[in-house]
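Student: I have not looked at this structure before, and I would like to go through it with you step by step. Could you show it to me before I start asking?

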Amino acid sequence: MVRIDGNGNESSLVRVRGLNKTYQRGGEEIQVLQGLNLDVDAGEFVAFMGPSGSGKTTLLNLLGGLDLPSAGSITVAGDEITQMSARKLTAWRARHVGFVFQMYNLIPVLTAYQNVELPLLLTGLSTAERRKHVETALAVVGLADRMHSYPRQLSGGQEQRVGIARAIVADPTFLLCDEPTGDLDRKSADEILDLLARLVREHGKTVLMVTHDPLAADRARVVLHLEKGVLVDAVMAGGAR
Amino acid sequence: MKYRHLIFANLLRKKIRTGLTAGSFAAALFLFGILTVVRGAFHQGVEVAGADRLVVVNKISIIQPLPLSYRDRLLRIPGVTQATFANWFGGVYQDERNFFPQFAIDREGYRQMYPEFVIPDGQWLAFLADREGGMVGEGLAERFKWKLGDRIPIQGTIFPGTWEFNIRGIYRGKRREDDTTQFWFRWDYLDERKAFQKGFVGWYVVRIANPDDGVRVVKAIDEEFANSPWETKTDTEKAFAASWVKQMGNIQFLILTIGGVVFFTLLLVTGNTMAIAVRERVRELAVLKAIGLSDRFVLILVMTETMIVALVGGGIGLALAKLFTLRGDPTRGLLPFFYLPPDAIVLGFVLALAVGLMSGILPAVSAMRLRVVDALRRV
């Protein structure tokens, strides 16, 4: 279940209350998010849509603990991340968040295998255990046979799939995807969206995705519309059918 | 070292740049090695000087002689336990480029005065028994492939004529830094043959009972010979050796200046390179932070990369310097102690690491302070 009225219950995976984010630019205060409330249950596939500057990416960054709000709180799986120190927040990100970026953001000098392995280096897993996890993640995204390829040897869609493998390899609490298909052609975009939907459906992952693409948004279960820093409505989308 | 592939992949991402940066370290450390060797070559006499030995020379100049009679007077001064003397010969063996120091020595006291030079008793006795006997250091013997019994002609320059010597002994040094490039022969042979300054010696070396009493004994010696035709100037052996080095110019200052400029330039070059390297991968560092690598990890990552370049480059430079010195003195005798000692190698590594640390710290701190949100926004 997804709610934006602030009346969700304690069992929500993600609980956002009265979230505000303001920036100072040239002496002027810009309010990006204004008293935003949100509840998302585990296993949801949520898309955020809205015009440029509506605060979608800012919201995603706050949910991922990459930025701090000016006011309000975010609680994920019982942890109030807005009260955490920077150090704790870094450790929390490693454990709970899988990021998928529009530009893939793979390390170009590492192979697909090594890129996917990166989040596991922070864990106490042995080399053999890490190998098993990485191979599983790459198999899930259908790239088991390209694990030794460098990003430059992969297509955009394949690079994004490596990015998704990197996001899921440590089995995070949720995935945050910022325009994951924004740099892909239609066919590759569909493959990526299929993959995200499959992660939700078959693996019970929770996915929060920012997108400009209505077709992409339609693959989610719920589409939330942001306007001028406020969530204005929540619509059941194609993914719910 | 589960992060090693990340570190080495970063280092090898721009091979030419990494190679050139390491090459800068190599060039600087090679130069450091050679300058240290040259400095050491000039200062070796100072380093090995005996703490309980004083050198007594003519007050006017070292090239002015002192009477042989001073020996007994020196021995009567309280605190002096031994006295010996020697004379510079300055001859030429075959070719002027074949320089090596030649001393006419006091056959009675010289060996006892320098116990760091080890001479087999039999060879010493043979040397004493032969008026034309010569004693050579093992370094010198090796250089000219001399062996016991060889007859060596040396052309006198200060003392004209051809002087022939029979090699009766080969001494070695107790320590590696002891000079084994000297040639000794008997002073009485020189005195007998020379046409002038008979009964005079070049300088005296005296041993004192207590090194802490050196200042008093120095004063006593010079007072003993004050107002005589051959006044003396006495110094500790260390001070004497240091003043000898100073005659060649301020080597220390020269070396420090050159070394300082080179290392400062290296600091700027490496600092700039590392700053560029960090700037180029701001997004990657931001991604590492986003997935949970800490600020401190990013700092250590950048510092480790710099340190590896510094260590590898510095190591290559020092290895090349060591190889260069293994061929021995390139001046054919002017710098007999031409080698790179282990402590200089350690110091070289410390310097390389210090430069690596200083040049890497600013880029590393800026990488550490990078805000993920800002960095990811950059294209």
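Student: How many residues of chain B are in contact with chain A?

Tutor: This is a predicted model, and contacts between its two chains can be counted from either side. On the side of chain A there are 18 residues in contact, and on the side of chain B the number is 17.

Student: Which elements give two or more residues to the side of chain B that touches chain A?

Tutor: The elements that contribute at this level are helices of chain B. In order along the chain, they are helix 1 (4–11), helix 11 (282–290) and helix 14 (372–377) of chain B.

Student: How many nonpolar residues does that side of chain B have?

Tutor: Sorted by class, the side of chain B that touches chain A has four polar and four charged residues. The count of nonpolar residues on that side is nine.

Student: Why do the buried residues of helix 8 of chain B line one face of the helix?

Tutor: Helix 8 of chain B spans residues 214–224, and B:Gly214, B:Val217, B:Val218 and B:Ile221 are buried in it. Seen down the axis of helix 8 of chain B, these buried residues line one face because they fall within an arc of 105°.

Student: Which exposed residues does the face of helix 8 of chain B turned away from its buried side carry?

Tutor: The buried residues of this helix pack against several elements of chain B, among them helix 3 (70–76) and strand 3 (80–88). The face of helix 8 of chain B turned away from that buried side carries the exposed residues B:Val215, B:Lys219 and B:Glu223.

Student: Which residue in strand 3 of chain A stands opposite A:Thr22?

Tutor: Strand 2 (residues 14–25) of chain A pairs with strand 3 of chain A in the antiparallel sense, over nine bridges. The hairpin of these strands has two residues between them, and A:Gly26 takes a positive phi near 60° there. Opposite A:Thr22, in strand 3 of chain A, stands A:Gln31.

Student: Which helix gives the largest share of the largest nonpolar core?

Tutor: The largest nonpolar core has 94 residues, and A:Val207 is one of those with the most contacts inside it. The largest share of this core is six residues, and these come from helix 6 (residues 186–203) of chain A.

Student: Where in chain A is confidence lowest?

Tutor: Chain A has a mean pLDDT of 90, and 99% of its residues reach 70 or more. Confidence in chain A is highest in helix 3 (residues 112–117), at 95, whereas the lowest value, a mean of 82, belongs to strand 1 of chain A.

Note on methods: Residues are numbered from 1 along each chain as its sequence is written. Chains are lettered from A and ligands numbered from 1 in the order in which they are written. This is a predicted model: local features need pLDDT of at least 70, side-chain atom pairs count only at pLDDT 80 or more; totals for chains, interfaces and linings use all residues. A residue is buried if 20 or more other C-beta atoms lie within 10 Å of its own, exposed if 12 or fewer, and partly exposed in between; C-beta atoms are placed from the backbone. Helices (H or I, at least four residues) and strands (E, at least two) are DSSP runs, numbered from the N terminus. The arc is that of the directions from the helix axis to the C-beta atoms. Two residues are in contact if their C-beta atoms, placed from the backbone, lie within 7 Å. Two strands pair if DSSP finds at least two bridges between them. Ala, Val, Leu, Ile, Met, Phe, Trp, Tyr, Cys and Pro count as nonpolar, Asp, Glu, Lys and Arg as charged, and the others, Gly among them, as polar. pLDDT is the predictor's confidence in each residue, from 0 to 100. A nonpolar core is a set of buried Ala, Val, Leu, Ile, Met, Phe, Trp, Tyr and Cys residues joined through C-beta atoms within 7 Å.
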